[in-house]
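Student: I have a structure in front of me and would like to work through it with you. Could we go step by step?

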Amino acid sequence: IEPEAAIELVRTFGWRVLIDQFLSHDKANQLKQRAIKRLRRQDIDVTFKAPRYKVEVGHYRTNSEAQAATEHIEAHHYPNALKVRSQILVPRED
């Protein structure tokens, strides 16, 4: 069996879902770990944009994908979820 080729990711502009933001890196990381379990997904990151640490979910190319994800995340534990414009990592399209 051939090993699968690594998927090449490229950075582009798209959308993410902001679930919360903190002045404390520790609090942001704690939320990230809880969110990974609650939402059952790994694409959750803590990013720093002074002065806040932002906990963001997903990498969406389109506004409509991000809106659907935001509504799902709002309904599952994170009522303050917000769709935000952001840099995203997505598989290269050939």
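Tutor: Sure, and we start with a term: a salt bridge is a side-chain nitrogen of Lys or Arg within 4 Å of a carboxyl oxygen of Asp or Glu. This is a predicted model, where local features need pLDDT of at least 70 and side-chain atom pairs count only at pLDDT 80 or more, while totals for chains, interfaces and linings use all residues. Residues are numbered from 1 along each chain as its sequence is written, and side-chain values use heavy atoms, with hydrogens and water left out.

Student: In what order do the elements of the protein chain run from the N terminus on?

Tutor: Helices (H or I, at least four residues) and strands (E, at least two) are DSSP runs, numbered from the N terminus. The protein chain has two helices and four strands. Their order is β-α-β-β-α-β.

Student: How far apart are the closest N and O atoms of R16 and D45?

Tutor: These two side chains form a salt bridge. R16 sits in strand 1 (residues 9-22) and D45 in strand 2 (residues 44-49), so the pair links distant parts of the chain, 29 residues apart. The closest N and O atoms are 2.7 Å apart.

Student: Is R16 buried or exposed?

Tutor: Buried means under 20% relative accessible area, exposed over 50%, and partly exposed in between (1.4 Å probe, protein chains only). The relative accessibility of R16 is 2%, whereas D45 has 26% and is partly exposed. So R16 counts as buried.

Student: Which residues are linked with R16 in a network of salt bridges?

Tutor: Side chains of opposite charge can pair when their charged atoms come close. R16 also meets E56 in a salt bridge (3.5 Å, N to O), and K49 meets E56 in another (3.7 Å, N to O). E56 is buried at 2% relative accessible area, while K49 is partly exposed at 40%. Linked with R16 in the network are D45, K49 and E56.

Student: Why does S86 count as buried?

Tutor: S86 is in strand 4. Contact means heavy atoms within 4.5 Å, and, leaving aside neighbours within four places in sequence, S86 is in contact with T12, F13, G14, W15, R16, K49 and E56. S86 counts as buried because its relative accessibility is 8%.

Student: What share of the 94 residues of the protein chain count as buried?

Tutor: We have already met some of them, including E56 and S86. For the whole protein chain of 94 residues, the buried share is 31%.
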